[in-house]
Amino acid sequence: MPAAVGQLLAGEADALEFLLTPDMLRQVRAAPHLTTHPYGGSVYTYLAFNLRANGDTTRPHPLFSDREVRRALFLATDRERLRQSTFGDVAKVPPGPLVLMWRQLWELDARPLPYDSARAARLLDQRGWRDSDGDGIRDKDGVKLSFRLAAPTTSAARRQYAQLLQAQYRAFGAEVQIEEFEPSVLDERGRRGRFDAALASWSTDPAPLSSMAQAWTSGGIGGTNWGRYVNPEVEQLIERVAAAPAAERRRLWESVLRVLNDDAAGIWLYSIQNIAAVHARVADVRLRADTWWTYVRDWRIPPDRLIDRDRVGR
């Protein structure tokens, strides 16, 4: 058990801004003197497809340059099961490349692809990806449906997701070879296009415009647009968002998300739900996703809830 959680449970501390695991959340919820406070997260994680050949950005990727292959993999991903088995209530499955503090965008009709492994299999069959030699892995024109999936050594969650995805994809004929890298090495490889697929996590700005442009337009290539995804329609829509009055932005963002989902530009895996634990005697608790401590100055302890340590120095 982390020391900070132990202090909370023992009544020796009053607040912890972020409960990292389902086990931590369960322990806090079972403690009658503590309350939990969800607030919007600023991190999302997705499976990034490299649309260019691994290590050679002048050529298309032999698998992921085909939109239908990407769509099949999205359809074959049971995102809700992955989230529940790894995070419980400390994450949610997003409808696009969205963080929870962009709550207004979660309400849009983004139309993400559903989990449908049978449809995924049919789609690959139609594209000519079949197991011609009986080894359990689909192939087409001598190319195996096999790719390397990169994950950071420091993220237990992403390492677990890599293993779960490997099992899910193997069941419908795709081979995944997991590669683990130190974060700095993974970032360098992502920016230079030296990967097939990767489990990428981005911490975003409070407003979506700059973060979406950096990750999903040509301006982000060499930066956070690891997959080198380029769609002129998305570029134009995001440019229009920047110039549009507030009343029109909702419709434009909905269009952006629908195009990204239709293209299966990535597989949106999870968005972290920030959950703080605070002693029950504390009132007026508010937290902000990008700077959780902003409103701490407004927290208060009513006179009838004071305990001995609250009176020190009074």
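Visitor: Let's start with the sheet. In what order do its three strands run, and is the pairing parallel or antiparallel?

Guide: Read a sheet from one edge to the other. Here three strands form an open sheet in the order S1-S13-S2, with antiparallel pairing. Keep in mind that this is a predicted model.

Visitor: Which strands are the edges?

Guide: Look for strands that pair on one side only. Those are strand S1 (15-16) and strand S2 (34-39).

Visitor: How many bridges join S1 to S13?

Guide: S1 and strand S13, residues 274-279, pair over two bridges, in the antiparallel sense. Take one residue as an example. Alanine 15 has valine 278 in S13 as its bridge partner.

Visitor: Which helix packs on this sheet?

Guide: Helix H2, residues 22-29, does, and it touches S1, S2 and S13. Its direction makes about 135° with the direction of S2.

Visitor: Now two helices. At what angle do H3 and H11 pack?

Guide: Compare the two axes: first the angle, then the distance. Helix H3 covers residues 67-75, and helix H11 covers residues 246-263. They pack at an angle of about 95°, and their axes are 8 Å apart. Angles of 65 to 115 degrees count as roughly perpendicular, so H3 is roughly perpendicular to H11.

Visitor: Which residues meet there?

Guide: From H3 come Arg67, Arg70 and Arg71. From H11 come Asn261, Asp262 and Asp263. Sort the residues of this contact by class. Five are charged, one is polar and none is nonpolar.

Visitor: Next, the spaces. What is the volume of the largest pocket?

Guide: A pocket is described by its volume and its lining. The largest pocket has a volume of about 460 Å³. Its lining is made of 26 residues. Nearest its centre lie Ser155, Ala157, Arg158, Ser201 and Tyr270.

Visitor: Which elements supply at least two residues each to that lining?

Guide: Two are helices: helix H7 (156-170) and helix H8 (183-192). The others are S3, strand S11 (197-203) and strand S12 (266-272). By class, the lining has 16 nonpolar, eight polar and two charged residues.

Visitor: What lines the second largest pocket?

Guide: The volume of this pocket is about 160 Å³. Its lining consists of Gln104, Leu105, Leu108, Pro208, Leu209, Val241, Ala242, Arg249, Arg250 and Trp253. Helix H5 (103-106), H9, helix H10 (232-243) and H11 each give two or more residues.

Visitor: Which element gives the most?

Guide: H11 does, with three residues. That is the helix you met in the contact with H3. The classes in this lining are seven nonpolar, one polar and two charged.

Visitor: How many cavities of 30 Å³ or more are there?

Guide: A cavity differs from a pocket in one way: the probe fits inside but cannot get out. The count comes to one cavity of 30 Å³ or more. The largest cavity holds about 40 Å³ of space.

Visitor: Which residues line the largest cavity, and which element gives the largest share?

Guide: Among the lining residues are Tyr46, Ala48, Phe49, Ala215, Trp216 and Trp226. Strand S3 (43-49) and helix H9 (208-216) each supply at least two residues. S3 gives the largest share, three residues.

Visitor: How many residues of that lining are charged?

Guide: None. The lining of the largest cavity has eight nonpolar and three polar residues.

Definitions and conventions:
Residues are numbered from 1 along each chain as its sequence is written. This is a predicted model: local features need pLDDT of at least 70, side-chain atom pairs count only at pLDDT 80 or more; totals for chains, interfaces and linings use all residues. Side-chain values use heavy atoms; hydrogens and water are left out. Axes are lines fitted to C-alpha atoms, for helices over the stretch in contact, and angles run from 0 to 180 degrees between N-to-C directions. Helices (H or I, at least four residues) and strands (E, at least two) are DSSP runs, numbered from the N terminus. Angles under 35 degrees count as roughly parallel, over 145 as roughly antiparallel, 65 to 115 as roughly perpendicular and the rest as oblique. Contact means heavy atoms within 4.5 Å. Ala, Val, Leu, Ile, Met, Phe, Trp, Tyr, Cys and Pro count as nonpolar, Asp, Glu, Lys and Arg as charged, and the others, Gly among them, as polar. On a 1 Å grid over the protein atoms alone, a cavity is a set of points where a 1.4 Å probe fits but cannot get out, and a pocket is an open set with protein on both sides within 12 Å along at least five of seven lines; lining residues have an atom within 4 Å of a point. Grid points are joined across faces, edges and corners, and a volume is the space filled by probe spheres set on the points. Two strands pair if DSSP finds at least two bridges between them.
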